[in-house]
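Student: I should like to practise giving reasons for the terms used in describing a protein. May we look at one together?

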Amino acid sequence: MRLNQCQNFHDFRRMARQRLPGPIFNYIDGAADDETTYRRNTQAFEACDLVPDVLRGVAQVDMSVSVMGQKLALPVYCSPTALQRLFHHDGERAVAAAAGKFGTMFGVSSLGTVSLEEARKISGGPQVYQFYFHKDRGLNRDMMARAKKAGVQVMMLTVDSITGGNRERDKRTGFAIPFRLNLAGIAQFAIKPAWAVNYVTHERFRLPQLDGHVDMGGGAMSISRYFTDMLDPAMSWDDVAAMVKEWGGQFCLKGIMSVEDARRAVDIGCTGIVLSNHGGRQLDGSRSAFDQLAEIVDAVGDRIDVMMDGGVQRGTHVLKALALGAKAVGLGRYYLFPLAAAGQPGVERALDLMRIEIERAMKLMGCRSVSDLQRRHLRFR
């Protein structure tokens with residue numbers, strides 16, 4: 001399949017599967033335990049129907065939104081994700097450039113493979129820095145200071161990953177960073193030699209945000225040990241409140257799923273929350289963010305910007321979330337598969353298809369702006 005033949009998420013997924021060795025494809029595609037939550041994330045959108053208005057004069061539509069003080073040309077953004085140069089040698093560079101071209105927000109992870117400073121230079125759009133809470137409080141402070149110096153607009157603390165999820169697909173192949181593959185995993189790499197050639201002929205794979213802490217040469221620490229040894233499961237609301245105060249700007253918690261936690265985020269001064277179950281990669285059996293969205297918006301939506309991610313594969317999914325009160329919607333696998341398939345052109349095509357789908361769906365819904373989308377446009381089965 002060629003890039004110009006890709007018309008949707010499923011096409012990009014197939015194209016990525018053709019290019020990537022099995023262990024890497026399954027790292028993107030997989031989730032925790034029985035992957036129930038992973039499937040439920042998309043099924044939640046499918047259990048909700050749209051009820052359109054007609055004859056509303058929608059020759060032009062405005063898809064822009066404002067979230068956490070940032071103006072986005074689209075109501076979607078590229079959520080920060082780890083290890084992107086493992087999927088394509090350009091990694092975060094490709095995503096930053098594509099997001100900038102479409103006037104939307106993107107993020108760099110503390111497990112990112114391009115430095116947040118380099119990414120900041122590539123895109124003129126808003127940038128998020130997603131980080132984890134470490135036992136080393138000095139490292140946490142250093143990360144925030146570095147992000148501020150680089151011109152990052154939004155700090156995003158992931159709060160649902162104090163330990164790694166049980167990702168059984170990875171265990172079956174022995175997938176780990178640095179690579180420690182078993183025979184099954186090695187065999188899957190052997191049948192995709194083009195990926196290996198690409199990997200070894202480009203710059204060394206590294207994690208610039210964690211230089212000196214996680215060594216891709218196999219010295220300091222593996223990714224799995226990073227989660228078990230460096231992250232602090234004792235992280236508390238008091239710890240986060242101190243970080244929000246120290247940052248003194250737009251601060252978002254990713255991984256909020258309950259009304260009580262949403263209210264606590266407001267109380268400690270956060271300006272945004274992302275309802276998320278980490279794409280089903282952490283706690284299997286957890287509720288979908290879309291199913292939690294209405295009650296959390298009702299509880300705190302007038303005091304904090306509420307976003308969501310998980311399972312988003314279509315423009316109509318985005319419209320359903322916006323109609324329930326989300327300020328913007330995060331994309332993850334939706335842009336990772338195109339990245340893996342074709343680099344920056346893949347991400348750009350995916351974002352363009354999403355833009356077209358949102359614009360078309362808004363016209364068919366009779367909505368000239370995002371604010372026109374209301375709950376009366378939805379029915380739940």
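Student: In which helix is Val-259 found?

Tutor: Val-259 is found in helix H13. Please bear in mind that this is a predicted model.

Student: Why is Val-259 called buried?

Tutor: Its relative accessible area is 15%. Buried means under 20%, so Val-259 counts as buried.

Student: Which residues is Val-259 in contact with, leaving aside its neighbours within four places in sequence?

Tutor: Val-259 is in contact with Glu-295, Ile-296 and Ala-299. These three belong to the residues of H14 that meet H13. On the H13 side, Val-259, Ala-262, Arg-263 and Val-266 take part, and Val-300 of H14 also belongs to this contact.

Student: What describes the packing of two helices?

Tutor: Two values are used: the angle between the axes and the distance between them. For H13 (residues 259-267) and H14 (residues 289-300), the axes cross at roughly 35° and come within 9 Å. The crossing is right-handed.

Student: What kinds of residue make up the contact of H13 with H14?

Tutor: Six are nonpolar, none is polar and two are charged. Arg-263 and Glu-295 are in this contact; Arg and Glu count as charged by definition.

Student: How is the packing of helix H5 and helix H17 described?

Tutor: H5 (residues 92-101) and H17 (residues 344-365) pack at an angle of about 35°, and their axes are 8 Å apart. This crossing, too, is right-handed. Ala-94, Val-95, Ala-97, Ala-98, Ala-99 and Lys-101 of H5 meet Gln-344, Val-347, Glu-348 and Leu-351 of H17. Seven of the residues in this contact are nonpolar, one is polar and two are charged.

Student: What makes Tyr-199 and Phe-205 an aromatic pair, and why is the pair called tilted?

Tutor: Their ring centres are 6.3 Å apart. Rings pair if their centres lie within 6.5 Å, so this distance qualifies. The angle between the planes is 40°. Planes under 30 degrees apart count as stacked and over 60 as edge-to-face, so 40° leaves the pair tilted.

Student: How do you know whether Tyr-199 and Phe-205 are buried or exposed?

Tutor: Phe-205 has 6% relative accessibility, and the limit for buried is under 20%, so Phe-205 is buried. Tyr-199 has 27%; exposed requires over 50%, so a value between the two limits makes Tyr-199 partly exposed.

Student: How many aromatic pairs does a search of the whole structure find?

Tutor: The search finds 10 aromatic pairs. In addition, Phe-9, Phe-25 and Phe-337 are described as one aromatic cluster.

Student: What makes one say that the charged end of Lys-148 sits over the ring of Trp-247?

Tutor: The charged end of Lys-148 is 4.8 Å from the centre of that ring. The distance must be within 6 Å, so this part of the test is satisfied; the definition also sets a limit on direction, within 35 degrees of the ring normal. Arg-281 is likewise placed over a ring, that of Tyr-27, with a distance of 4.8 Å from the centre.

Student: How far apart are the C-alpha atoms of Ala-145 and Trp-247?

Tutor: They are separated by 8.2 Å, although the two residues are 102 residues apart along the chain. Ala-145 lies in helix H7 (residues 137-150). Its relative accessible area is 48%, which is not over 50%, so Ala-145 is called partly exposed.

Student: Why is Ser-109 called buried?

Tutor: Ser-109 has 1% relative accessibility, and the limit is under 20%, so the term buried applies. Ser-109 is found in strand S5 (residues 106-109). Not counting residues up to four places away in sequence, Ser-109 touches several residues, including Pro-80, Tyr-129 and Gln-209.

Student: What is the sign of phi in Met-68 and in His-278?

Tutor: Phi of Met-68 is near 50°, a positive value in a residue other than glycine. Phi of His-278 is near 60°, also positive in a residue other than glycine. Met-68 lies in the loop between strand S2 (65-67) and strand S3 (70-72), whereas His-278 is in the loop between strand S9 (272-275) and H14.

Student: Why does His-278 count as buried?

Tutor: Its relative accessible area is 15%, under the 20% limit, and therefore His-278 is buried.

Key: Residues are numbered from 1 along each chain as its sequence is written. This is a predicted model: local features need pLDDT of at least 70, side-chain atom pairs count only at pLDDT 80 or more; totals for chains, interfaces and linings use all residues. Side-chain values use heavy atoms; hydrogens and water are left out. Axes are lines fitted to C-alpha atoms, for helices over the stretch in contact, and angles run from 0 to 180 degrees between N-to-C directions. Helices (H or I, at least four residues) and strands (E, at least two) are DSSP runs, numbered from the N terminus. A crossing is left-handed if the near helix is turned anticlockwise from the far one by less than a right angle, and right-handed if clockwise. Contact means heavy atoms within 4.5 Å. Rings of Phe, Tyr and Trp (its six-membered ring) pair if their centres lie within 6.5 Å; planes under 30 degrees apart count as stacked, over 60 as edge-to-face and the rest as tilted. Buried means under 20% relative accessible area, exposed over 50%, partly exposed in between (1.4 Å probe, protein chains only).
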